[in-house]
Each structure stands twice: as structure tokens, then as C-alpha cells.
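Subject: Structure handover

Hello,

Here is the structure I promised to pass on. Please open it alongside this email, and then read through the notes below.

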Amino acid sequence: MGLKRPLIFLGPPGAGKGTQARRLSEMYHVPHLSTGDMLRDHVSRGTDLGRKAKPIMDRGELVPDEIVLGIVGERIGRPDCAHGFLLDGFPRTMPQAQKLDEILEKRRFRKPLAVNFLVDHDVLVRRVAGRRVCSVGGEIYNVHELPPGQDGKCLLDGGALIQRSDDRAEVVLDRLAAFERQTRPLIEYYRSTGDLEEVDGSASVEDVRKKLLEIFAEHSVDGHCA
Ligand code: AP5
């Protein structure tokens, strides 16, 4: 399979973007491009870029556009993106959205479809506090809602689960504020071009997935991108 249009998952921290993106990218056989995961990978490898990004991420602020755009531009240019891709956590600022439009046009991709995940503030805070991530394969769990196995290990590969350093309670509120300030305007941007859909992200993982599949069917996104 593939995707005729690149997909963008928009929404605040803890809205469930990554959980859905992991499953759907497998289903459509397209790459899941999470800028958060790419930046964390640089941090864990101790690259120059990772050393610059870490303190910013730990404060719950956005990493500068030029850093993120460099990573994403290079990634979209790789051959595995030729049949579509799913963007999770990118774009997050107006300059990122405008640059993405340029990249897509230059590479002859169709216009993206953005989906905004709607979830109440209290639920977001609880979800982020309870999130645990597999240190091996990245599978996402939640101690309240989507618990791992009884041994506290990943159900898929037995990996140890970790808490992200930016999931500390004192950072979460700053991440939510950054979303309101810098990312919320993108919702109106994609609405104004007719490329926005919204989903109730507070429903169960399965119900959110079903709703997303309905939206994608309405927009005929299955198939090849270019
Ligand atoms: P990033 O990694 O992108 O984090 P985020 O956008 O804040 O989103 P999260 O990963 O917190 O949440 P999610 O919506 O993916 O939720 P999840 O599925 O995990 O960014 C981290 C940092 O990197 C940023 O703060 C910034 O510094 C930097 N960065 C990244 N991209 C950038 C960019 N473009 N520009 C500049 N800086 C950038 O789910 C959350 C929890 O809820 C989990 O425990 C999960 O199990 C649970 N859950 C999910 N769905 C459900 C459900 N339906 N019901 C019950 N529980 C659920």
C-alpha cells in the first residue's frame, strides 16, 4: 500500500499522535516521521545536534526551526518516502508549515492532509505523566490506561520501559503552553486551505483508529503519493 497524500498529525503533547502513527504507518507501509523521535535519537547518540536540542527539549520549548527543517528535509528525500509518509509532531510553527509546503511542491507530492487530535487538558496531563516507552522498539504504554506486561517489560520485545525526561510534571505545562502559542495557529492555517480534519482523541485507541480510517477513506488517501 502507500499514501496518496502525506499525513500530518497535529495536537498537544499526550494527544495520542505517536500511538496512532506507529500503527497506521505499519498498516500503510509508509515511514512514520516523528521529529520528537528523531531529536531524541540525536540526543541519545550524543551528536552536536543532540547536544544543542537536549536542554531545549528538557525545558519543554521548541527546538529552532532551522534544526528541525534540516532533519525533516533530509528524511523526506530518502527513497522510502517516495510512496508517502506520516508526519507526527511536524510542522509545529508557521515557518515549518510554509517550508513543508515548499518541500512537498518541489518533490511533486500532493497537498498534505492534517488531522488535529482534540483532547482535554486534564486528560493530556494524566496521559503524559503515565507514559512509558520501550527503550528497544519505542512501543508506547501508559501505566493508567495501556499497561505493559506484569513484569513491567515491553509486550512486543521484552525491552525495559523508560519515562521521557520531558514527561516530568513541571515540564508538561510548558510543553502545553508552547503548543498553544506556536502550534495552534497551524490548525487555522490547514483549515483555511481545506486540508484539516479533527478527531476526538479522548476516545479509546481502537475508536480513534477507526475514526482516522473513516477520515482517510473520505479523502481517498490510500494509494501512491507522487
Ligand atoms: P514530541 O516527541 O513530538 O512530543 P509531543 O508532540 O509533545 O507529543 P507526545 O509524544 O508527548 O504525545 P503524543 O500525542 O505522541 O501521545 P502518545 O501517543 O505518546 O516532541 C518532544 C519535544 O521535541 C518537543 O517538546 C520539542 O522540544 C521537540 N520537537 C519535536 N518536534 C519538533 C518540531 N517540529 N519543532 C520544534 N521542536 C520539536 O500518547 C501519550 C500517552 O497516552 C501514552 O502513554 C499512550 O499510551 C496514551 N494514549 C494514547 N492514546 C490513548 C487513548 N486513545 N486512550 C488512552 N490512552 C492513550
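**Helix H5 and its charges**

Glu-102 has a relative accessibility of 47%, so it counts as partly exposed. Please keep in mind that the model is predicted.

What does Glu-102 pair with? Its side chain meets that of Lys-99 in a salt bridge, at 3.4 Å from N to O. Both residues sit in helix H5, residues 94–106. They are three residues apart there, so about one helical turn separates them. Lys-99 is partly exposed too, at 35% relative accessibility.

Lys-106 also belongs to H5. Is it buried or exposed? It is exposed, with a relative accessibility of 74%. For a sense of scale, take Lys-106 and Arg-209: their C-alpha atoms are 31 Å apart. In sequence, 103 residues separate the two.

**Other salt bridges**

The structure has 23 salt bridges in total. One of them joins the side chains of Arg-23 and Glu-139, with N and O 3.9 Å apart. This pair ties together distant parts of the chain. Arg-23 is in helix H1, while Glu-139 is in the loop between strand S5 (131–134) and S6. The two residues are 116 apart in sequence. Their surroundings can be compared through the accessibility values. Arg-23 is partly exposed, at 34% relative accessibility. Glu-139 is buried, at 13%.

Next, look at Asp-166. It forms a salt bridge with Arg-164, where the closest N and O atoms are 3.1 Å apart. Buried means under 20% relative accessible area. Asp-166 has 9%, so it counts as buried. Arg-164 has 16%, so it is buried as well. The pair is part of something wider. Salt bridges with shared partners connect Arg-131, Arg-164, Asp-166, Asp-167 and Arg-175 into one network.

Arg-131 deserves a second look. It lies in strand S5. It is buried, with 13% relative accessible area. Its side chain makes a polar contact of 2.9 Å with the side chain of Asp-167.

**The ligand**

Which residues come closest to the ligand? They are Thr-19, Glu-61, Arg-131, Tyr-141 and Arg-175, out of 35 residues that surround it. Arg-131 and Arg-175 are thus among the closest residues to the ligand, and both are members of the salt-bridge network.

Here are three polar pairs to check on screen:

- Tyr-141: a polar backbone atom is 2.7 Å from an oxygen atom of the ligand.
- Lys-17: a polar side-chain atom is 2.8 Å from a ligand oxygen.
- Gly-16: a backbone N or O atom is 3.0 Å from a ligand oxygen.

How much of the ligand does the protein cover? On its own, the ligand has 1000 Å² of accessible area, and the protein covers 97% of that.

Three elements give two or more residues each to the shell around the ligand: helix H1 (17–28), helix H2 (35–45) and strand S6 (140–142). H2 gives the most, with four residues. By residue type, the shell holds 14 nonpolar, eleven polar and ten charged residues.

H1 therefore turns up twice in these notes, as a contributor to the shell and as the helix that carries Arg-23.

**Strand S1**

Strand S1 covers residues 7–10. In a regular strand, side chains alternate between the two faces of the sheet. Which residues of S1 lie on which side? Leu-7 and Phe-9 are on one side, and Ile-8 and Leu-10 are on the other. All four are buried, and both faces of the strand are covered.

S1 has two parallel partners to look at. With strand S3 (residues 86–88), it shares three bridges. With strand S4 (residues 113–118), it shares four. Ile-8 is a handy marker for both pairings. In S3, it stands opposite Leu-87. In S4, its bridge partner is Ala-114.

**Where to start**

I would begin with Arg-131. It is one of the residues closest to the ligand, it sits in S5, and it takes part in the salt-bridge network. From there, go on to Ile-8 in S1, with Leu-87 and Ala-114 across from it.

Best wishes

Conventions
Residues are numbered from 1 along each chain as its sequence is written. This is a predicted model: local features need pLDDT of at least 70, side-chain atom pairs count only at pLDDT 80 or more; totals for chains, interfaces and linings use all residues. Side-chain values use heavy atoms; hydrogens and water are left out. A residue is near a molecule or strand if one of its heavy atoms lies within 4 Å of it. A polar contact is a pair of N or O atoms within 3.5 Å; within protein, one must be able to donate a hydrogen and the other to accept it, and residues adjacent in sequence count only if both atoms are side-chain atoms. Accessible areas come from the Shrake-Rupley method with a 1.4 Å probe; for residues, only the protein chains shown count as cover. Ala, Val, Leu, Ile, Met, Phe, Trp, Tyr, Cys and Pro count as nonpolar, Asp, Glu, Lys and Arg as charged, and the others, Gly among them, as polar. A salt bridge is a side-chain nitrogen of Lys or Arg within 4 Å of a carboxyl oxygen of Asp or Glu. Buried means under 20% relative accessible area, exposed over 50%, partly exposed in between (1.4 Å probe, protein chains only). Two strands pair if DSSP finds at least two bridges between them.
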